[in-house]
Amino acid sequence: MTAPMNIDRRRVLAGGGALIVSFSLSGALAQQQDPPAAAPPSPPGSLKTTPYLDAWIRIDADGHIEVFTGKAELGQGFKTAFQQIAAEELDVAFESLKVTTADTGLTANEGYTAGSNSMKDSGTAIQNAAAQARELLVAEAARRLDLPIENLRTADGAVVAPDGKRLSYGELVTGDMLHVQAQPKSKLKDTATFKVIGRPVPRVDIPAKVTGGAAYVQDMRLPRMVHARIVRPPSYGAQLTECDTSAVEKLPGVVKVVRDGNFLALVAEKEFQAIKAMNALGAAAKWQETARLPRQDDLLAVLTSLPSQNSTIFERSNSPASGRKTIEATYTRPYQAHGSIGPSCAVAQLIDGKMTVWTHTQGVYPDRQGIAEMLRMPPASVRLIHVEGSGCYGHNGADDAAADAALIARALPGRPVRVQWMREQEHAWEPFGPAMVTKLKASLDDGGKIADWHFDVWSNTHSMRPGGAGSMLAAQHMAHPFAVPAPRPLPLPEGGGDRNAIPIYTFPNAKVVHHFIPTMPIRISAMRALGAYHNVFSIESFMDELAGLAGVDPVEFRLKHLEDQRGRAVIEKAAQAFGWKGGQKAPQDRGFGFAFARYKNLAAYCAIASEVEVNRETGRPHLVRAVAAVDSGQVVNPDGLINQIEGAIVQSMSWTLYESVTFDDSRITSIDWQTYPILRFDAVPESIEVHIIDRPGQPFLGSGETGQGPAAASIANAIANATGKRLRNLPLTRKRIKEAIDA
Amino acid sequence: MTGPSRLVAGIVAVVLLGGAAIAFAIVWRPAIAAIEPPGPQAFDAALVKRGRDLAAIGNCNNCHTVRGGKNFAGGLPVPTPFGTIFSSNITPDAETGIGRWSEEAFRRAMRSGFNREGQHLYPTFPYDHFTNVSDEDDRALYAFLMTRQPVRAAARENQLSFPFNQRFAIAGWKLLFLRHDTYQPDNQQSAEWNRGAYLVEGLAHCGACHTPRNALGAERASAQFAGGDVDNWHAYALNDQSRAAVPWDADALFAYLRDGFHPDHGTARGPMAEVVGNLSSVPSSDVRAIAVYMAGVSRTPTPDRKRQGEAALEQARSSSGPASQANAAGASIYATACASCHESGRPLPFGGVNLARSTAIASPDPRNLANIVLSGVQAVEGERSPIMPGFANSMTDAQVSALLSYLRARFSNQPPWSSVEKTVQDARRAQTAFLVKSPAPHGAPADPQQREKP
Amino acid sequence: MMTLKVNGREHQVDADPDTPLLYVLREDIKLNAAKFGCGLGQCGACTVIVDGKAVLSCVTPMVLLEGKQVTTLEGLGTASEPAPIQRAFMEEQAAQCGYCIAGIMMRAQALLQRNTKPTDEQIRTELDPHLCRCGTHMRILRAVHRAARLMDTADATPAAEGRAR
Ligand code: FES
Ligand code: FES
């Protein structure tokens, strides 16, 4: 164990009295590098990679219970959900638990917090670990009381005997009791007896957030902390040719100017001093730029002409192949920004050769690896602690800011360095959600059903997350830069650019081709839902086009092609709650739209019906209301789930109607909220309704990203319904709608 | 936008001066027979399209649409000291709009200011300009309006007290000030200039805001384009009285009217923002024609004006202003509240105008600057558009005044404004009214492709 | 050195007159609620109340604050003794990441102080300077309505459970 870990370990153990609580992280780490050779079948969720129970749950002699997750709370509220799960399976009061999130010094390596996988990975692990821990406690009680296990029950943090005698968990826990490997299957509680799971428990993080408590990495204030700012190049690949730092160094409060190749930063005692010095340093820096960006107004041609690796990811053929009526359509999506409200921030400190970084990264372990590589330090000497930041919606500037902080902190040993990006930097340098092109072609048979289906998608990779140093800006800009790792397509079934490219509907003939484009003119990475956003937008728009061709109601048309029962149930629920009727006509100037998807074809189901008003003179679209139905398996916190879906619809609406990254031949030009407008309150819908189909006992299905694609297509379909014009290029701006109406 | 309160004041004066007698002498116009609403199919698509552009040039939507209301359904309140006049419903609704108006009735309204029934229309509807619109263009406008969505929205009763509620009073006003055919083609000038003149004097009704009005509320023919007032905004002088830091020329006017901003002048705000929002959608040849004609109106700048312009540009290039600012408060406010954007080096419209070139700061009237500092510039829903925070909540009148005086001293070579604080007080009062009644911001055109490099 | 009144207390602050209030609040007075979002007056994350009015602290230099009263979210109440607006946001669970929330609450608070019964339209218009990227808007609107009721009627309904709609 490294030094900082030991410090924390002592702290963790301090309250434990005489009892030594086992601590299995080293074991967990070993597991990480070297997965257990034997012991099939493997336990569920992240227990697979981190099987020791005490990596997840620790109980001290006073009965304090701490739950550990390697996932990061990003505002989705799952810290609360995990606490519910653990409380439920352990039979303790919800309030009596503490959940600790991603920290390379304390928690399991659960990779990234991404892809709506947290509930599935970590939630499942915690649930099973808690259930097994409870079994162990009961067994220990049975031994001490010399009673059969069946006679014992648990309640409120204690094992209770038939005579009412109680043995608290604190009394029962022994040295290595939880330092055991997870069993393949733990006996989980009967869902009918759930007391905490399935309840809308108020989120534990909200009180601090609404009263000014310290809640974010941006709020950290360590003793003797200094403030750093970066001066970024004006464009990708720009070279710093000249920079006289002498004047800046003399400015009030300036502690140091840090330059390493094209990496330019400064440190000052106070924050506003740092900003003033940053402006001065920016003015002193001279850069040489190269024009290397493609034309943004013709992404279709740009993307389809770049070299690509093509693979057929799905093929089915049942002759006869050809239908009667055939249509084709091409859909495009521009580069889009995560656009966190709080620009990225990190705090780093180098003490005695050990680097600690507090960061809002989505992956403390992978990020640690990248930072260690950049600093040429052993990973064990680098510790990353997740502290919540502003919502990130994927891979934004968090990891880059962490690397910035580490690089600057190295130049200033001993002092904690806080790096805060400026708004313009966040907008210009975050890795954007990639542009995409899809081409669809399908024909209908005589019965008005789809006879064959062709789907082609062109896109970059959808993840350039750290793992190697070269994925981080600081390491790319250093005098001895690290090369950007080669982009790779993400493997199916989850997929990247081809996420949700394979239709969930059953077509007799279908072919899906993924054109993976390795060349990346624009810096990109994972953005909420990845390729699923555009693929679902395309598929579900095209389904409406086909329904129109077949003369069938869009909801009915979908049901005609869908066998999946849970999918049918959410479609029916959304349609019914919306008041959808075949042959309906929307009020004047309005349109109704419908869309459905199962995220990744393996996570939560979501169907959304929407009503959009379009101003015929100005083209301005307005989402009036949306009704969603969602099935995410066993629901842990219904209110949290509703919050997520509401947010997904509202955010997707903003992406869909307004957003695109702009650039000229060398620079990103959408660098603030003027140039990258997003939803404001004047366009917020009148209502959004979310209906949950709970599936007690079914596995948790990730839901945080399931709404993005259906919301987009549902809105697009409603606009088509309102105007009679089909728009296929995102975003569906006022101007494009007006042009379509006037055409 | 016509200075409505002045108009009403004029009407009062007419009445009080015994104009009633004259008014009665004016013939009462007969009603024009109602027609069956023709329905949208009755009109040629190309004609409708031309009408759309013309309606944009005429800025029809801005007066005839209220915030959150239906297009062209009217009801925009124009508050005056004598009461409130509401704009009318010009959708083809049969009962409440102009659905039963024949083209002839429409043309008569444009030309002479009567409704179909023969009643006089208040001159808030600028028929003193529209009288110049050709029959052909009236036909296209008619076709455009008659193919809009009919909206049932009864006219709101004007809230005027006697004698302002007597429409015959308008007859007197017309007799004095309504001149037909004020636009005459000039063979000495280019076709483009003539096109511009036709639009400016007619449909675009630029003079309605930019020409000062006389005591009777009519445009002063002798001071055409010498600057006017509208909704507590100053419509800048466009003739040789212009005090713009850098003199306007046709290219600058074209770019400004087309894009809504120009780096040597600033960004269109207040009522003008609505005008440029419309002009962004019409054929550029028409905007160019307007610019060419207006450049002629403002004349070739005198050598003196030219020199001032050069000096302003020079100051804009050098980052420091004239030394020795006694106004420390103004300087500190400027540094944080203004410079972070206006000195960011980003081009317009997203960087904020280089203040040494700002027409607002060089203007003899500080009202526009006061308005913009207090209210800021709101984001346009879902569109790339400049944003500026308003400072009404964070600055007292004295602080705003200090800032304004500082800006004037630092960024212009004009004499200090007098009674700045009074202007700020008025602007703060007007700002409240403006925010309450102003329509949602329109799409300010902004080119996302533009180079961010100097 | 100047005196700054924040949440009813006087602070001696050593900051240049052009320093934006935001940095003084966060760094010198160590308050968390006002957030840096853009520093350009475009997002509302930094909003605080000055003399009863909502102000963007990122573009408000210290020179403007002589003799004025600054209120931040910390000054309204605490987690255990929340002010009505804080209680309303908790009860509606009106946050996802929550980064935008403090600024929004301050503008809503200022609105409710001068208008105890705002219409939905008024609330939306008032909040237009604010951005929320998580899409929490529906809950935020509900929370402001709830706060209006709480402030107006001292509505004592206990924390709502089960807001599934
Ligand atoms: S941080 Fe002040 S408005 Fe964005
Ligand atoms: S809750 Fe995350 S930005 Fe609003």
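This is a short tutorial dialogue on reading domain and chain contacts in a predicted model.

User: Where should I start with chain A? Which domains does the assignment give?

Analyst: Start with the parts list. For chain A the assignment gives domain 1 (41–193), domain 2 (217–290 + 338–429) and domain 3 (542–743). Notice that domain 2 is written as two segments, 217–290 and 338–429.

User: How far apart are the centres of domain 2 and domain 3 of chain A?

Analyst: Their C-alpha centres are 38 Å apart. A distance between centres is best read together with the contacts: 13 residues of domain 2 of chain A touch nine residues of domain 3 of chain A.

User: What area do those two domains bury, and how much of it is on carbon and sulfur atoms?

Analyst: Domain 2 and domain 3 of chain A bury about 980 Å² between them, with 61% of that on carbon and sulfur atoms.

User: Which side chains form the salt bridge between these domains?

Analyst: The count here is one salt bridge. Arg667(A) and Glu289(A) make a salt bridge with a 2.6 Å N to O distance. On the domain 2 side of this contact, the residues that touch domain 3 are five nonpolar, five polar and three charged. The two domains also have one residue pair in polar contact, with both residues at pLDDT 80 or more.

User: Now for the chains. How many residues does each of chain A and chain C bring to their contact?

Analyst: Chain A contributes 70 residues and chain C contributes 60. Together the two chains bury about 5,300 Å², and 54% of this lies on carbon and sulfur atoms.

User: How many salt bridges and polar contacts cross from chain A to chain C?

Analyst: The rule finds nine salt bridges across this interface. For an example to look up in the structure, try Arg133(C) with Glu659(A), where the closest N and O atoms are 2.7 Å apart. There are also 42 residue pairs in polar contact, counted with both residues at pLDDT 80 or more.

User: Which elements of chain A give two or more residues to that surface?

Analyst: They are the helices α6 (206–209), α8 (271–284), α12 (423–429) and α17 (638–658), along with the strands β17 (417–420) and β24 (687–692). The largest share comes from α17(A), with 10 residues.

User: And how do the residues on the chain A side divide by class?

Analyst: The side of chain A that touches chain C has 29 nonpolar, 21 polar and 20 charged residues. To see this for yourself, begin at α17(A), the source of the largest share, then find the Arg133(C) and Glu659(A) salt bridge.

Definitions and conventions. Residues are numbered from 1 along each chain as its sequence is written. Chains are lettered from A and ligands numbered from 1 in the order in which they are written. Side-chain values use heavy atoms; hydrogens and water are left out. Domain bounds come from an automatic or database domain assignment. Contact means heavy atoms within 4.5 Å. Buried area is the accessible area (1.4 Å probe) that two parts lose on being put together, summed over both. A salt bridge is a side-chain nitrogen of Lys or Arg within 4 Å of a carboxyl oxygen of Asp or Glu. A polar contact is a pair of N or O atoms within 3.5 Å; within protein, one must be able to donate a hydrogen and the other to accept it, and residues adjacent in sequence count only if both atoms are side-chain atoms. Ala, Val, Leu, Ile, Met, Phe, Trp, Tyr, Cys and Pro count as nonpolar, Asp, Glu, Lys and Arg as charged, and the others, Gly among them, as polar. Helices (H or I, at least four residues) and strands (E, at least two) are DSSP runs, numbered from the N terminus.
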